[in-house]
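Biologist: I am new to this structure. Please take me through one part of it closely, the open sheet and what packs on it, and set it in the whole chain first.

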Amino acid sequence: MKKHNFSAGPCVLPKSVMEQAAAAVLNFDEGLSLLEISHRSKPFVDVMENARSLALELLGLEGKGYKALFLQGGASTQFLMVALNLLEKRAGYLNSGTWADKAIKEAKIYDDIYEVGSSKSANFNYIPKGYDIPEDYDYFHCTSNNTIFGTQMKSFPKSPVPMVCDMSSDIFSRQLDFSQFDLIYAGAQKNMGPAGTTLVVIKEDILGKVSRKIPSMMDYKVHISKGSMFNTPPVFAVYTSMLTLEWLKNLGGIKAIEAENEKKARLIYSEIDLNPLFKGYAAKEDRSNMNATFTLENENLKETFDAMCLEAGINGINGHRSVGGYRASMYNALSLDSVKALVEIMSELESKA
């Protein structure tokens, strides 16, 4: 039976990518497994270079002063690295969800951090708006998509200071002017590959302006100088991410996948709004195209709905404990047919109720 994988991450990957990655585990370079070759060998160096180049190409940042890195430690390590490399006196953060909240907590270790806006009092069910970014801040940090709460920034402020964005859960999913950001970071396990690597895209000219000493492993300039190979990279995660970026390019790039993502989002939100048994969690104007969060109006129907989903092969839609209910994560590799399968179950539940 086909499984429809709505997991929030690690998440669904293209079938062709998984097949290629699986084959490489057995034989990548003349009988050697991807997992056992030297990361300094030409075949893997080529993989790293291709992955970094594809990331810049798809984001439209080639030749614009940016470097792409594939690092370890997850986006959570970037909470620290951003502050270590960019924070001299003070910075502004938009608090729009759990991960933004965690980023603020980590950055506060180093210096003055100010929340320019927050939706925490409403359990993050909307994106804060109407805030100011002072010109004397070292940088402004925001989170483009909030996986847990199902909200997404539909526009970004014109920042007078370098803008940093955590795009872990919607990178490569929609067209943006990515040059408005000076640093982007994203864990791979949503739209790129398996957990284990984090993409960092950084404009080089914002570096080297802090007075503190930065440990080598946390210094972006060190990683750039070593071509993202300062230490042994997570070869499988980088290789699989490269395959996914190639898959996306062959589809027609971000423009093509954005059109598919909008179809999926329209389909499920239409059902949520029209079906009286369900209620959306996020404010309508801030609804995420990646993560649709919703609840049952009648909790007595939960057991029935869960059983119907299980029978239909629908996997990974339980909501986060912070919100409850359900969360359908619709990352790039999730097919429109999978969303149709879920919507059919939701509609069928209404006919039974």
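**The sheet and its surroundings**

Modeller: The accessible surface of the protein chain comes to about 15,200 Å². Carbon and sulfur atoms hold 49% of that surface. Keep in mind that this is a predicted model. The chain has 353 residues, and 53% of them count as buried. Its C-alpha atoms fill a box of roughly 65 × 55 × 30 Å along the principal axes. The radius of gyration is 21 Å. A compact globule with 353 residues would have one near 20 Å, so the two agree. Many contacts reach far along the sequence. Of those with a separation of 6 or more, 67% join residues 24 or more positions apart.

Now the elements. The protein chain has nine helices and 14 strands. Seven strands make up an open sheet with mixed pairing. Read across, their order is 2-10-9-8-5-3-4. Strand 2 (66–71) and strand 4 (112–118) stand at the edges. Each has a single partner strand, so one side of each lacks a neighbour in the sheet. From one strand to the next, the twist averages 20°.

Helix 3, residues 74–86, packs on this sheet. Its contacts are with strand 2, strand 3 (90–95), strand 8, strand 9 (183–187) and strand 10 (198–203). The direction of helix 3 makes about 160° with that of strand 9. Helix 4 covers residues 98–107. It lies across strand 3, strand 4, strand 5 and strand 8. Against strand 3, helix 4 runs at about 160°.

Look inside the sheet next. Strand 5 (residues 140–143) pairs with strand 8 (residues 163–166). The sense is parallel, and four bridges join the two. Within this pairing, Phe 140 of the chain stands opposite Met 163 in strand 8.

One last stop lies at other strands. The chain has 12 aromatic pairs. One of them is Phe 294 with Tyr 326. This pair is stacked, at 5.7 Å centre to centre with 25° between the planes. Phe 294 sits in strand 12 (residues 291–296), and Tyr 326 in strand 14 (residues 326–329). The pair thus links distant parts of the chain, 32 residues apart. Buried means under 20% relative accessible area. Phe 294 has 1%, so it counts as buried. Tyr 326 is buried too, at 3%. Ring pairs also draw in Phe 278 and Phe 305, which form a cluster with Phe 294 and Tyr 326.

Conventions:
Residues are numbered from 1 along each chain as its sequence is written. This is a predicted model: local features need pLDDT of at least 70, side-chain atom pairs count only at pLDDT 80 or more; totals for chains, interfaces and linings use all residues. Side-chain values use heavy atoms; hydrogens and water are left out. Two strands pair if DSSP finds at least two bridges between them. Axes are lines fitted to C-alpha atoms, for helices over the stretch in contact, and angles run from 0 to 180 degrees between N-to-C directions. Contact means heavy atoms within 4.5 Å. The radius of gyration is taken over C-alpha atoms; the globule rule is 2.2 Å times the number of residues to the power 0.38. Buried means under 20% relative accessible area, exposed over 50%, partly exposed in between (1.4 Å probe, protein chains only). Accessible areas come from the Shrake-Rupley method with a 1.4 Å probe; for residues, only the protein chains shown count as cover. Rings of Phe, Tyr and Trp (its six-membered ring) pair if their centres lie within 6.5 Å; planes under 30 degrees apart count as stacked, over 60 as edge-to-face and the rest as tilted.
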